Amino acid sequence: MASSSSSSSAYDIPWVEKYRPTKVCDIVGNLDAVARLGIIARDGNMPNLILAGPPGTGKTTSILALAHELLGPNYREAVMELNASDDRGIDVVRNKIKMFAQKKVTLPPGKHKVVVLDEADSMTAGAQQALRRTMEIYSNSTRFALACNVSSKIIEPIQSRCAIVRFSRLSDEEILSRLMVVVQEEKVLKQLFSPLTVI
């Protein structure tokens with residue numbers, strides 16, 4: 001039986017989190033979308049965003065990477081991430097999101113708090129209307145990023161207040177190249193072919 005006490009800490013963080021990009025330039029695929037977000041990161045002026053495309057294409061990762069670049073050490077207190085498919089009712093907008101938008105956070109000039117709503121197209125119509133009002137009221141302090149599969153399920157008044165960034169599926173080659181980075185970093189092949197240590 002192999003001893004696990006020395007190696008357990010190495011496996012505490014799932015690889016999907018350990019290797020999640022924290023810079024826009026490190027995002028794989030969707031070159032046009034990444035280029036648009038890179039301009040926002042460079043200029044530092046984030047509009048409200050709708051990131052639309054199939055699941056697993058990097059929408060949430062991209063907006064979180066953008067927020068990391070824009071907010072730096074203020075990221076933890078200035079970013080709120082919600083999965084709208086779980087928290088999709090009007091009460092969530094009125095309570096959680098509104099309270100976060102009202103919260104005082106000291107940020108550098110020109111920077112804003114960021115609310116990330118994953119699966120925003122599953123929000124009820126009432127919740128979307130409440131969100132539209134919140135976006136208007138707190139436009140001076142807070143920016144909103146809505147990740148969704150289908151942008152047409154977002155009500156028009158919200159769409160008109162957002163820049164829409166479209167994502168598409170990654171190619172097999174793009175996925176493989178990123179997987180190989182992880183394999184090399186984690187020395188997976190070396191572990192597979194090294195002699196078994198039995199105690």
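## A look inside the predicted chain

Let's start with the interior: of the 199 residues in the protein chain, 40% are buried. Keep in mind that this is a predicted model. The mean pLDDT of the chain is 85, with 86% of the residues at 70 or more. Residues 1-8 need some caution, since their pLDDT is below 50; beyond near neighbours in sequence, this stretch makes four contacts in the model.

**Overall build**

Nine helices and five strands make up the secondary structure of the protein chain. Read from the N terminus, their order is α-α-β-α-α-β-α-β-α-β-α-β-α-α. Among contacts between residues at least 6 apart in sequence, 77% link residues at least 24 apart.

**Two nonpolar cores**

The largest nonpolar core holds 27 residues, and the members that touch the most others are L37, M46, L49, I63, L66 and V79. Five elements each give two or more residues to this core, and the table shows where they run.

| Element giving two or more residues to the largest core | Residue range |
|---|---|
| α2 | residues 31-43 |
| β1 | residues 49-52 |
| α3 | residues 59-71 |
| α4 | residues 75-78 |
| β3 | residues 113-118 |

Helix α3 supplies the largest share of this core, with seven residues. For a closer view, take L66: setting aside neighbours within four places in sequence, L66 contacts V24, L37, I40, A41, M46 and L49. Another core lies apart from this one; its 23 residues include I50, V93, A130 and L146.

**One cavity**

How many cavities of 30 Å³ or more does a search of the whole structure find? The search finds one. The volume of the largest cavity is about 60 Å³. Its lining consists of G44, M46, L70, L71, G110, K111, H112, V114 and R143. Sorted by class, four of the lining residues are nonpolar, three are polar and two are charged. M46 is a residue you have already met, as one of the core members with the most contacts to other members, and here M46 helps line the cavity.

**A buried methionine in a loop**

Finally, have a look at M123, which sits in the loop between β3 and α6 (125-137). Is M123 buried or exposed? M123 counts as buried because its relative accessibility is 6%, and the cut-off for buried is under 20%. In sequence, M123 and I90 are 33 residues apart, while their C-alpha atoms are 8.5 Å apart in space.

How values were computed. Residues are numbered from 1 along each chain as its sequence is written. This is a predicted model: local features need pLDDT of at least 70, side-chain atom pairs count only at pLDDT 80 or more; totals for chains, interfaces and linings use all residues. Side-chain values use heavy atoms; hydrogens and water are left out. pLDDT is the predictor's confidence in each residue, from 0 to 100. Contact means heavy atoms within 4.5 Å. On a 1 Å grid over the protein atoms alone, a cavity is a set of points where a 1.4 Å probe fits but cannot get out, and a pocket is an open set with protein on both sides within 12 Å along at least five of seven lines; lining residues have an atom within 4 Å of a point. Grid points are joined across faces, edges and corners, and a volume is the space filled by probe spheres set on the points. Ala, Val, Leu, Ile, Met, Phe, Trp, Tyr, Cys and Pro count as nonpolar, Asp, Glu, Lys and Arg as charged, and the others, Gly among them, as polar. A nonpolar core is a set of buried Ala, Val, Leu, Ile, Met, Phe, Trp, Tyr and Cys residues joined through side-chain atoms within 4.5 Å. Buried means under 20% relative accessible area, exposed over 50%, partly exposed in between (1.4 Å probe, protein chains only). Helices (H or I, at least four residues) and strands (E, at least two) are DSSP runs, numbered from the N terminus.
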